[in-house]
Amino acid sequence: MNGLQQRVALDRLNTFGLPATAARYLRITSLAQLVEAARAGQLRGPRLVLGGGSNLIFLGDVDRLVLHVALRGREIVAVDDDATRVAAAGGEHWHDFVRWTLDQNLPGLENLSLIPGTVGAAPIQNIGAYGLEMAERFEHLEAVELDTGASRRFSAADCRFGYRDSVFKGEAAGRYLITRVVFRLPRRWQPVLGYADLQRHFGERGIAAPDARQISDAVIAIRRAKLPDPAECGNAGSFFKNPVVDAAAAQAFLAAHPDAPHYAQPDGSVKLAAGWLIDRCGWKGRALGPVACHARQALVLVNTGGATGADVQALAGRIAADVRARFGVALEVEPGYV
Ligand code: EPU
């Protein structure tokens, strides 16, 4: 197979900076290359699709074929009365793509500024931040089935988006490589300003009606203040999902902890803030070996130098056990262990 490499170090290809070696590694730079290799049956067997490496934790060497998505390209697809459709290839850097849409005067993705990772990875966990989820701007995606080379189009309904979730984390996991994503940016743009951090940011500056670029800049500033930059300190963003509990459990929890941040969901369930729960257990700023709970945002675990996947798992396990013992709430890990 053209371009196939053996024993490739993945240390720099995961934002947590964990040591791992891929048994076999193929950089995917064109759709034709991908389809040809898949049709020839060369991509069958154990494999891992790697984007920006910002949402996975390597527990050891990867005894699989690692497909590193390097498909590039972005374009305005169509403009109609309601929306502008824009597309980007799976290997495009997410934040660069967001800024490019703003440069084209196409608002709609600004709340998702500075999220690490690639465009092709965004739908897998339905990235979200500051009051917006990617699903709200999604039109469809194109993917290649790795066992056969068949092209398949997924509508929003096909993707079954949920909170940090999609079909690509469930029954379609590992089967497809997302080659292109098309977004629908509404022509009649409405700023999404409900999130407390954004309201505070603009309130302090006396800005009543920020434009999309100002919102993007605000999100960047807020993220930089709270979240560690993977270029400086290895991390994978939020390490746990915010737990969603049913109405009865929420009522009991809030009676005991009336000051806990919580967000009512449309179906009556309640989302709790994992960062708050972890913070209250005293983990914020504390370390276990070379992995620490970030001092400014307890939901983020950081590599303080030389950590392995086992070290990450050890701290995550201790934190989840403490949260369960103290609050009776189960935490679910957000990035994937490999
Ligand atoms: N909080 C604490 N202590 C902490 C951290 C948070 O008390 O150490 C409290 C905060 O004061 C706030 C609440 O918990 O009242 C929620 O915190 P924050 O607004 O910082 O957001 P989050 O729930 O911790 C989620 C996403 C982030 C996203 C932000 C902003 C998840 C798992 N995380 O974090 O996404 O950037 O909201 O929208 O949903 C990611 O997925 O990697 C990620 C960074």
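A residue counts as buried when its relative accessible area is under 20%, as exposed when this is over 50%, and as partly exposed in between (1.4 Å probe, protein chains only). Phe239, with 0% relative accessibility, is therefore buried.

The structure above is a predicted model, so local features need pLDDT of at least 70 and side-chain atom pairs count only at pLDDT 80 or more, while totals for chains, interfaces and linings use all residues. Residues are numbered from 1 along each chain as its sequence is written, and side-chain values use heavy atoms, with hydrogens and water left out.

## Nonpolar cores

Let us begin on the inside. A nonpolar core is a set of buried Ala, Val, Leu, Ile, Met, Phe, Trp, Tyr and Cys residues joined through side-chain atoms within 4.5 Å. The largest one here has 38 residues, and those that touch the most other members are Trp94, Phe97, Met134, Leu141, Phe154, Phe168 and Phe183. Two or more residues of this core come from each of β7 (83-89), α2 (94-103), β10, β12, α4 (196-205) and α5 (212-226). These labels follow DSSP runs numbered from the N terminus: helices are H or I runs of at least four residues, and strands are E runs of at least two.

Another core, of 35 residues, lies apart from the largest one; among its members are Leu272, Cys281, Trp283 and Cys293.

Phe154 is a good residue to look up in the viewer. Contact means heavy atoms within 4.5 Å. Leaving aside neighbours within four places in sequence, Phe154 is in contact with Phe138, His140, Leu141, Ala143, Cys159, Val167, Phe168 and Tyr176.

## Aromatic rings

Rings of Phe, Tyr and Trp (its six-membered ring) pair if their centres lie within 6.5 Å; planes under 30 degrees apart count as stacked, over 60 as edge-to-face and the rest as tilted. The whole structure has 14 aromatic pairs. In one of them, Phe154 and Tyr176 sit edge-to-face, 5.1 Å centre to centre with 85° between the planes. Phe154 belongs to strand β11 and Tyr176 to strand β12, so this pair ties together parts that are 22 residues apart in sequence. Phe154 and Tyr176 are both buried.

Phe239 and Phe240 have ring centres 5.5 Å apart and planes at 70°, so they are edge-to-face too. Phe240 is buried, at a relative accessible area of 2%. Trp94, Phe97, Trp100 and Phe183 form one aromatic cluster.

## Salt bridges

Side chains of opposite charge can pair when their charged atoms come close. A salt bridge is a side-chain nitrogen of Lys or Arg within 4 Å of a carboxyl oxygen of Asp or Glu. The structure holds 18 of these salt bridges, including the three in this table.

| Acidic or basic partner | Other partner | N to O distance |
|---|---|---|
| Asp147 | Arg47 | 2.8 Å |
| Glu171 | Arg160 | 3.3 Å |
| Glu334 | Lys169 | 3.5 Å |

What does the pair of Glu334 and Lys169 tie together? Glu334 is in the loop between α8 (309-327) and β20 (336-337), and Lys169 is in the loop between α3 and β12, so the pair links parts that are 165 residues apart in sequence. Glu334 is buried, with a relative accessible area of 6%, whereas Lys169 is partly exposed at 32%.

In the Asp147 and Arg47 bridge, Asp147 is partly exposed, with a relative accessible area of 33%, and Arg47 is buried at 14% relative accessibility. Glu171 is exposed, at 58% relative accessibility. Elsewhere, salt bridges link Arg72, Arg74 and Glu92 in a network.

## Cysteines without a bond

A disulfide is a pair of cysteine sulfur atoms within 2.5 Å. The structure holds 0 disulfides. Why is Cys281 not bonded to Cys293? The closest cysteine sulfur to that of Cys281 is in Cys293, 9.9 Å away, which is too far for a bond. Cys281 is buried, with a relative accessible area of 16%, and Cys293 is buried at 1% relative accessibility.

## Helix α1

Helix α1 (residues 31-39) has the buried residues Leu34, Val35, Ala37 and Ala38. Seen down the helix axis, these buried residues fall within an arc of 165°, so they line one face of α1. That arc is taken from the directions from the helix axis to the C-beta atoms. The buried residues of α1 pack against β2 (21-28), β10 and β12, while the face turned away from them carries the exposed residues Ala32, Glu36 and Arg39. Just after α1, Gly41 takes a positive phi of about 80°.
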